[in-house]
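Okay, thanks for coming, everyone. I'll put the structure up and then talk you through it.

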Amino acid sequence: MTTNYPGFRYGADRETFSAAKVKALESLLIEKGVITGNTVDTILGYFETEMGPFNGAKIVAKAWVDPAFKELLLTDCNAACESMDLPEGMSGAEGEHMRIVENTAEVHNVIVCTLCSCYPWPTLGLPPYWFKDPTFRARVVREPRVVLSEFGVELDESVKVLVWDSSAQIRWWVLPMRPAGTEGMSEAELAALLTPEAMMGVATVSV
């Protein structure tokens, strides 16, 4: 994730302190025999190489060019994901019940988890820091247009903004609008345009 939410401020040493805490917890769990020395790296590697925003990008690109697939995706997100040649486990950990909502010229959707940081890991990867931040979680519900403008998304007043609250029961993500001028592009080329932020609704897709 490269986008930074302007309302989320933290010190430059945050990563250092976080890494130290994680290392201490990992060492304790290894000492107690709960995990092995390779467990954490294996899990993180899986969500960096097998489950991540590259999957979501492929899914969105296919929906942009295949109306039947798009209909299935909007009706049954998990079934659509499993119909593609993607890694096994798309409906596994953190993706058991996924739903996708479509951005149009009339409606703009944005995703939040007001309780914690529920997120569709198989299609979007690991959640960014700011997605977990209480300030973002509170403000995007109360004043979504203001928060979106802080991300650089300026919407006309005629566009309706809908905020979807992810949870352990349903993990939401967004089918962005296909940008103009991409009619001759292949699925791979279209997928390269997608960002996790666009599939969260805090960014738009551009060529």
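I'll start with the overall fold, then go to the core, the pockets and a couple of single residues.

First, a reminder that this is a predicted model. The protein chain has ten helices and four strands. If you walk along from the N terminus, the order goes α-α-α-α-α-β-β-α-α-α-α-β-β-α. So what about the overall shape? Along its principal axes, the C-alpha trace of the protein chain spans about 55 × 40 × 30 Å. The radius of gyration is 18 Å, and for 207 residues a compact globule would come out near 17 Å, so the two agree. Of those 207 residues, 39% count as buried. And how do the contacts run along the sequence? Take contacts between residues at least 6 apart in sequence: 69% of them join residues at least 24 apart.

Now the inside. As a rule, in soluble globular proteins, nonpolar side chains tend to be buried together. Here, the largest nonpolar core has 44 residues, and the members that touch the most others are Ile59, Leu73, Phe136 and Trp173. Which helix gives the most to this core? That would be α3, with six residues.

Phe136 takes us to helix α8, residues 134-142, where it is one of the buried residues. The others there are Arg137, Arg139 and Val140, so yes, two arginines are on that buried list because each falls under 20% relative accessible area. What covers the buried residues of α8? The cover includes two strands, β2 (107-112) and β3 (160-165), along with the helices α7 and α9, the latter at 144-150.

Back to α3 for a moment, which runs over residues 53-65 and holds asparagine 55. Is that asparagine buried or exposed? It's buried, because its relative accessible area is 1% and the cut-off is under 20%. Leaving out residues up to four places away in sequence, Asn55 touches Glu50, Leu86, Pro87, Met90, Pro122 and Thr123.

On to the pockets. Rolling a probe the size of a water molecule over the atoms shows where empty space is left. The largest pocket has a volume of about 510 Å³. Its lining has 15 residues, and the ones nearest the centre are Val22, Val40, Leu44, Trp121 and Leu126. Where does that lining come from? Helices α1 (14-31), α2 (39-49) and α7 (129-132) each supply at least two residues, and α2 gives the most, with six. Chemically, the lining of this largest pocket divides into ten nonpolar residues, five charged and no polar.

The second largest pocket has a volume of about 180 Å³. It's lined by 13 residues, with Asn103, Thr104, His108, Met177 and Thr204 closest to its centre. This second lining divides into eight nonpolar, four polar and one charged.

Last stop, proline 196. You'll find it in the segment after α10, the helix at 187-191. Proline 196 counts as buried because its relative accessible area is 15%, and buried means under 20%. How far apart in space are proline 196 and valine 153? They are 15 Å apart, C-alpha to C-alpha, with their positions 43 residues apart in sequence numbering.

That's the tour, so let's go to your questions.

Technical notes. Residues numbered from 1 in each chain as written. Predicted model: local features only at pLDDT ≥ 70, side-chain atom pairs only at ≥ 80, totals over all residues. Heavy atoms only, no water. Buried < 20%, exposed > 50% of the residue type's maximum accessible area, 1.4 Å probe, protein only. Contact = heavy atoms within 4.5 Å. 1 Å grid on protein atoms, 1.4 Å probe; cavity = no way out; pocket = protein on both sides within 12 Å on 5 of 7 lines; lining within 4 Å. Points joined across faces, edges and corners; volume = space filled by probe spheres on them. Nonpolar A, V, L, I, M, F, W, Y, C, P; charged D, E, K, R; others polar. Core = buried A, V, L, I, M, F, W, Y, C linked by side-chain atoms within 4.5 Å. Rg over C-alpha atoms; globule rule 2.2 N^0.38 Å.
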